[in-house]
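Here are a few exercises to work through with the structure open beside you. Try each task on your own before you read the solution.

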Amino acid sequence: MHRRMLGILIAILVTTLSVSAHVGSSDVFFEGDAGPYHIYVTVRVPQVIPGIAEIQVRSASNDVERIAIVPMRLSGAGSNFPPTPDVAERSKQDAQFFTGSLWLMESGALKVRVSVEGSKGKGELAVPVPAFAQRTLPMDRSLGGLLGFLMVFLAVGLVFIAGAASREGNLEPGETPTPAKTRRARMVMAITALVVLGILFLGKAWWGAEATNYKRGVNFFKPPEAETRLENRNRLVISAKGQDPEWSKEVEMKDVIPDHHHLMHLFLIRTPGMDRMWHLHPERAEGGAFVEDLPNMPTGHYQVFADIVDKAGFPWTLVGQIDLKEISGKALAGDDSIWTGAPLAVEANHASVAQLADGGRIVWERGSGPLAANAAMVFKFKVEDKEGNPAKDLEPYMGMAGHAEFVSSDMSVFAHIHPAGSASMAALELANGVPEGNRAITADQAMLDGMPISELLTSEVSFPYGFPKSGEYRMFVQIKRAGQVETGVFDAHVQ
């Protein structure tokens with residue numbers, strides 16, 4: 001109780017100072033192995049920094065006895081010297097569910113190390129957490145009124161105390177102040193009042209400077225703007241412009257690190273119907289901009305999402321828009337892909353089966369209940385061939401069993417998800433100390449001593465995630481079969 005009250009008080013103080021690779025989706029969802037234990041981790045990132053992150057851990061088995069959690073920097077100084085970990089509390093209703101709270105004291109690329117103990121011994125993993133202040137909150141009026149009254153009361157009291165001390169401090173019992181002492185007391189009170197007013201003025205200036213710095217931090221971590229232009233009819237040039245003037249100085253495009261073999265993952269979605277989607281991989285050009293020779297594309301207004309990971313392991317999604325006339329471009333190759341289909345039908349009957357071009361299909365095992373916002377879920381999909389049998393020709397798609405993009409109809413939410421969760425694989429490898437020269441494409445590969453992912457693939461793929469708010473969403477589920485990238489699309493209404 002005392003800890004939670006302290007958290008509330010500090011959160012109030014933080015908010016009064018202002019009184020990933022995702023957009024509108026700040027919480028972190030992860031699924032993986034901590035040694036012999038398969039766990040699901042959800043990190044509810046606080047709205048303000050410093051702030052309290054809520055950690056939820058679910059074990060896939062009932063043999064876990066203890067889970068400890070601790071926040072650390074993702075890399076660099078402090079990444080190998082954790083503070084004393086907190087022990088997560090086991091739920092009384094569900095023995096496989098654990099919860100805990102952690103202070104995140106700074107913005108930037110952090111990680112939460114999860115240590116698991118049970119009948120199979122000990123296991124450990126680290127989950128990357130992009131921590132940043134997302135908003136500023138006004139001070140509660142009643143609290144502001146109380147603090148204002150106390151400030152005036154103490155300031156006035158200090159003036160009168162100084163006057164009384166000067167006027168009566170050396171009097172004998174029964175002696176009355178002389179006119180000279182009274183005059184001196186008034187002078188001391190005037191000087192004290194000036195000093196108190198000076199202190200209040202300096203305090204207000206300091207308070208305002210801190211509030212400005214805090215607001216600057218909020219602006220710094222807003223999704224940076226993607227500046228786009230078209231050259232030579234089909235060459236798209238993408239550069240970054242931060243919402244904050246300091247962004248481009250701190251995050252240099254020439255220093256971004258690879259994620260799934262690519263420095264940038266570019267998504268172009270035609271709006272408003274969301275009836276076209278391209279997943280492309282531009283190359284970095286001289287000066288830090290990225291370029292992509294576009295494939296055939298119809299005329300339309302396109303929403304741009306471009307995922308990058310900076311050298312510290314912090315994921316960014318550049319956001320922009322562009323109007324294109326019909327383009328006759330290059331053929332798709334490698335990991336690039338396209339999907340075309342029907343427009344998103346708001347609040348329509350949402351199908352759980354997506355047909356593929358070769359006659360196969362992807363089936364969403366969604367269950368019968370409604371989808372709720374702010375609830376951690378595991379989205380499971382089965383891939384079937386044209387005879388309706390489990391597909392046996394799945395291949396790794398950029399080292400993963402699949403990729404998925406969750407996009408809201410108003411474009412305020414975009415999340416690029418993998419079977420391991422919402423964290424970028426580059427950050428996940430940094431968090432778990434995989435040496436740069438030996439980094440695998442996936443966390444599973446790193447944890448399984450290099451076992452080829454093709455031996456792990458089945459006809460099913462799943463993604464841990466939670467919708468951040470209610471509304472209409474379109475989910476793009478991407479897999480690779482027989483050398484061909486295929487995309488299944490599912491629409492969801494979230495309550």
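**Exercise 1. Place D307 and describe the surroundings of its side chain.**

Solution. Bear in mind that you are looking at a predicted model.

Step 1: Find the element. D307 lies in strand β17, which covers residues 300–309.

Step 2: Look for a charge partner. D307 is buried and has no salt bridge. R284 is the nearest side chain of opposite charge, and it is 15 Å away. A salt bridge would need a side-chain nitrogen of Lys or Arg within 4 Å of a carboxyl oxygen.

Step 3: Look for polar contacts instead. The side chain of D307 meets that of T317 in a polar contact of 2.7 Å. A polar contact of 3.0 Å links the side chain of D307 to the side chain of H416.

**Exercise 2. Work out the strand order of the open four-stranded sheet, and say why β6 and β10 each have a side without a neighbour.**

Solution.

Step 1: Read across the sheet. The order is β6-β5-β9-β10, and the pairing is antiparallel.

Step 2: Go to the edges. β6 (86–87) and β10 (121–131) each have a single partner strand, so one side of each has no neighbour in the sheet.

Step 3: Take a closer look at one pair. β9 spans residues 108–118 and runs antiparallel to β10, with eleven bridges between them. To get your bearings, start at G108, which sits opposite A131 in β10.

**Exercise 3. Find the residues of the nonpolar surface patch of about 680 Å², and trace them to their elements.**

Solution.

Step 1: Select the members. The patch is made by M151, V152, V156, F160, L194, L197 and L200.

Step 2: Assign the elements. Two helices, α2 (141–168) and α3 (179–220), give two or more residues to this patch. The largest share is that of α2, with four residues.

Step 3: Check one member. L200 belongs to helix α3. Its relative accessible area is 35%, which makes L200 partly exposed. That value fits the patch rule, because members need over 30% relative accessible area.

**Exercise 4. Draw up a summary of the whole protein chain: how many helices and strands does it have, and what share of its residues is buried?**

Solution.

Step 1: Count the elements. The chain has six helices and 28 strands.

Step 2: Turn to burial. Of the 495 residues, 47% are buried.

Step 3: Finish with the surface. The accessible surface is about 24300 Å², and carbon and sulfur atoms account for 55% of it.

Key. Residues numbered from 1 in each chain as written. Predicted model: local features only at pLDDT ≥ 70, side-chain atom pairs only at ≥ 80, totals over all residues. Heavy atoms only, no water. Pairing = 2+ DSSP bridges. Patch = residues over 30% accessible without salt bridge, like charges linked within 9 Å, V, L, I, M, F, W, Y side chains within 5 Å. Areas by Shrake-Rupley, 256 points an atom, 1.4 Å probe, with all protein chains shown as cover. Buried < 20%, exposed > 50% of the residue type's maximum accessible area, 1.4 Å probe, protein only. Lys, Arg positive; Asp, Glu negative; His and termini not counted. Polar contact = N/O pair within 3.5 Å; in protein donor to acceptor, adjacent residues only side chain to side chain.
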